[in-house]
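Let's take a friendly walk through a protein model, one neighbourhood at a time. Keep the structure open beside you and find each place as we come to it.

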Amino acid sequence: MAKLSTIESLLIPVLFVAIATATNYKLQFQASDTEVTINPTRQTLTVQRNGKVVQDVLMDRDIQSANEYEETLGGFVLRNRRGEEFEFTKDVDQPGLSLLTVARRSRHRSRMVSDCVKLRGSNWFGGPEQKNQYWPIQKLHLQDYSYLSKQVDNCAVAERYWLNSRGSFVFVDDESPLFLDQNSRMPGYMCLEAKKSLPYDTYDETYSFVYQIGVGVDAREAHLGAVQNVLGKPTGHPAEEMVKYPIWSTWARYKRDINEAVVLNHADDIVKNGWANSQFEIDDFWETCYGSLTINTTKFPNMKQTVADIKAKGLPRVTLWVHPFINKVCEPFYSEAKERGYLVTDHNGNSDHWWWNSGMNESVSIDFTNPEAAEWFSQRLRNIQEQYGIDSFKFDAGETDWIPMDPVLNGPRSKHPTLYTNDFLRTVAKFGNLIEVRSSHRTQDLPVFVRMLDKDTEWHGTNGLPTLITTLLQMNMAGHPLVLPDMVGGNGYDPGVADGNNPPSKELFIRWLQANVFMPSIQFSYVPFDFDEETIRISKEMTDLHEKYSPLIMERFRAAVSGGYPVNPPVWWVSPEDTVAQAIDDQFLLGDDVIAAPVIVENARIRDIYLPEGEWVDGNLGTVYEGPVWLRDYEAPLNVLPYFVRKSTYQRL
């Protein structure tokens, strides 16, 4: 151990260079020409690559008290008079990627730590799913925001990963009790705040705050490095049938008013209007009571025959909507789960909570961190499949705010309550390649569709049509490339009426469908045949176009599995240094070869389109453009979806 005044005289050769001066400490990443400088006096951590600053972090003032230094095999440790340590460790030093870990371990529960990442001067990507889904995300405003998967603000996908346009990312360890303060206490900064506070575990005396900083040649390479080293990539992908053909859900059109006659008539209409071979999804409410996982025979007197009839009509895949809750009036299932210890409780032993189909304290949640409870849930679903011919399930919820605050869960307390989300998803992912989920936490490896949280039937940006694109980009750049867009036209919620139905206009429906075409799947609930013949014709043209490009989607799925590539990246992905492309929030890519530029403004029949570097063929007109270029006032009447295909790809389609 050395005091600061004698550090320089005690430096010895190590596997890489660790240089210290009276105020600065440096890590040199030799292969990648990256340098990290920590200045305790100024509380700064600065990352440079090839002499250019790519990351600035204003560290908590606790770093100012560091007065001892020790070299380690991979970096160095600073200590202060309290004995608190600050570890700086080189994890990866390759020509295309540098990766550094910053760790404070065993911090006392009474002390909060806040390191603030500078947002100004860069565009930022990734971050949380939100109702108001900004892109790029540096405009987002958050204050004392617990950062975990939660239904509030549509924050179901909350991976702790942020990437900037300079080619550097930040990733926070999932055991850190993380809160965000973005553009609030310090405008222009995102403060990563770690503290021992609800909804995280509050019982251990200490906690750790650990994050990694990565640097790549550019933003694209940095993201691929993050996928390989911290985020993970899918181990498989959804079935091609879910991609090629539409999914038809009963939810938005019928809400809970479903029965045998309704679903059979709905199936008839789908096939009669030309959409055979689709997936048919029976949504809420088919159970005897919420949580029974037992068919309501008043609504469905012969579910096995109903399923067989749907398939015989030409819809060969039938799924059910499933949730992880039990309403307390749902007997004997509630009492059975409670007696067996299968419910999430708080530290007072109380399991009462709520969800959107119960009143306050009128429901409970199954504890998927308990293997016996998870198997009890799963076996009942397998029974349904075997008894009625159900092919798979749409799994809802999974966010942490649907379980009691201060929960008692299995597994390390440092991972409470996020373990609930993780274990729920890993339980349901075993049901094959026709399923969908809507929440996530460190589950990028799962080979399943992650659907967007419910969108509102609106034109405007706050959870309306424009956020279909920005949420697609956010999820892809948070490491979730297998994205299932929400239903065409939104969910039709009427804020003033319980279970009300506020369907989209014809124009909104068509433009929403067009926006879906080059996304991985098309999910209907509102239907084209609710409008007119023109809507049916345009809708069939759009689903046919999606089917035509489904081999390209599947090709990109395979690239996601093999190399971690996003399926629908932002426009800048093919030209990472293009600052114009970095700001585009109303276009997206399919792989590297298709640019989708749907119209998302009401009554618009023209739009401006940006094409990045490359040769691009107009998919409607065949005209070839050399990017980068703006196409001003591109004509897009109601039946036209603007899209452009890389010339080399266009020639082989």
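## Strands side by side

Strands S15 and S18 are joined by 5 bridges and run antiparallel. This is a predicted model, so keep that in mind as you explore. To find one place where the two strands meet, look for Val170, whose bridge partner in S18 is Ile213.

Strand S18 has another partner too: 10 bridges join it to strand S10 (residues 97-108), and this pair also runs antiparallel. Here you can look for Arg107, which stands opposite Tyr207 in S18. How much of S18 is buried? Of the 11 residues in this strand (residues 206-216), 9 are buried, so S18 is largely enclosed by the rest of the structure.

## A serine in strand S15

Now go back to S15, which covers residues 168-172 and includes Ser168. Is Ser168 buried or exposed? Its relative accessible area is 0%, and because buried means under 20%, Ser168 counts as buried.

The side chain of Ser168 makes a polar contact of 2.8 Å with the side chain of Gln55. Setting aside neighbours within four places in sequence, Ser168 touches Val54, Gln55, Trp162, Leu163, Ile213, Gly214, Val215 and Ala222. You have met one of these already: Ile213 is the bridge partner of Val170.

## A mostly covered helix

Next, find helix H9, which spans residues 418-428. This helix is mostly covered, with 9 of its 11 residues buried. Among the buried ones are Leu419, Tyr420, Phe424, Leu425 and Val428. Thr418, Thr421, Asn422 and Thr427 are buried as well.

What do the buried residues of H9 pack against? Their partners are helix H8 (371-388) and three strands: S24 (363-365), S25 (392-395) and S27 (436-437).

## Rings and charges

Aromatic rings are a good thing to look for in this model, where 42 aromatic pairs are counted. Take Tyr549 and Tyr643: their ring centres are 6.0 Å apart and their planes meet at 80°, so the pair is edge-to-face. The pair links distant parts of the chain, with Tyr549 in helix H12 (residues 533-563) and Tyr643 in strand S35 (residues 643-646), 94 residues apart. Both tyrosines are buried.

Elsewhere, ring pairs link Phe285, Tyr290, Trp321, Phe325, Trp354, Trp355, Trp356 and Trp402 into a cluster. Some rings have a charged residue over the face. Lys150 lies over Tyr145, at 3.6 Å from the ring centre, and Arg380 lies over Trp376, at 3.9 Å from the ring centre.

## A glycine in a loop

Where does Gly461 lie? You will find Gly461 in the loop between strand S28 (449-451) and helix H10 (466-476). With a relative accessible area of 31%, Gly461 is partly exposed.

Gly461 and Tyr134 are 327 residues apart in sequence, and their C-alpha atoms are 8.9 Å apart in space. Beyond its neighbours within four places in sequence, Gly461 is in contact with Lys131, Asn132, Pro466 and Thr467.

## Backbone details to spot

Two prolines come next. The peptide bond from Trp135 to Pro136 is cis, with omega near -10°, and Pro136 sits in the loop between strand S12 (124-126) and strand S13 (142-146). Glu331 and Pro332 are also joined by a cis peptide bond, with omega about 5°. Pro332 is in the loop between strand S22 (325-327) and helix H7 (333-339).

Two aspartates are worth a look for their phi angles. Asp144 is a residue other than glycine with a positive phi, near 45°. Asp144 belongs to strand S13 and is partly exposed, with a relative accessible area of 44%. Asp633 has a positive phi as well, near 55°. Asp633 lies in strand S34 (residues 624-635) and is partly exposed, at 49% relative accessible area.

## An annotated region

Finally, here is a label from a record. An unreviewed UniProt entry lists residues 564-647 as "domain: Glycosyl hydrolase family 31 C-terminal". In this model the span is 6% helix and 42% strand, and its end C-alpha atoms lie 24 Å apart.

Technical notes. Residues are numbered from 1 along each chain as its sequence is written. This is a predicted model: local features need pLDDT of at least 70, side-chain atom pairs count only at pLDDT 80 or more; totals for chains, interfaces and linings use all residues. Side-chain values use heavy atoms; hydrogens and water are left out. UniProt positions are given in the numbering used here, feature names are shortened, and annotations may be inferred rather than shown by experiment. Helices (H or I, at least four residues) and strands (E, at least two) are DSSP runs, numbered from the N terminus. Buried means under 20% relative accessible area, exposed over 50%, partly exposed in between (1.4 Å probe, protein chains only). A polar contact is a pair of N or O atoms within 3.5 Å; within protein, one must be able to donate a hydrogen and the other to accept it, and residues adjacent in sequence count only if both atoms are side-chain atoms. Contact means heavy atoms within 4.5 Å. Rings of Phe, Tyr and Trp (its six-membered ring) pair if their centres lie within 6.5 Å; planes under 30 degrees apart count as stacked, over 60 as edge-to-face and the rest as tilted. A charge sits over a ring if NZ of Lys or CZ of Arg is within 6 Å of the ring centre and within 35 degrees of the ring normal. Two strands pair if DSSP finds at least two bridges between them.
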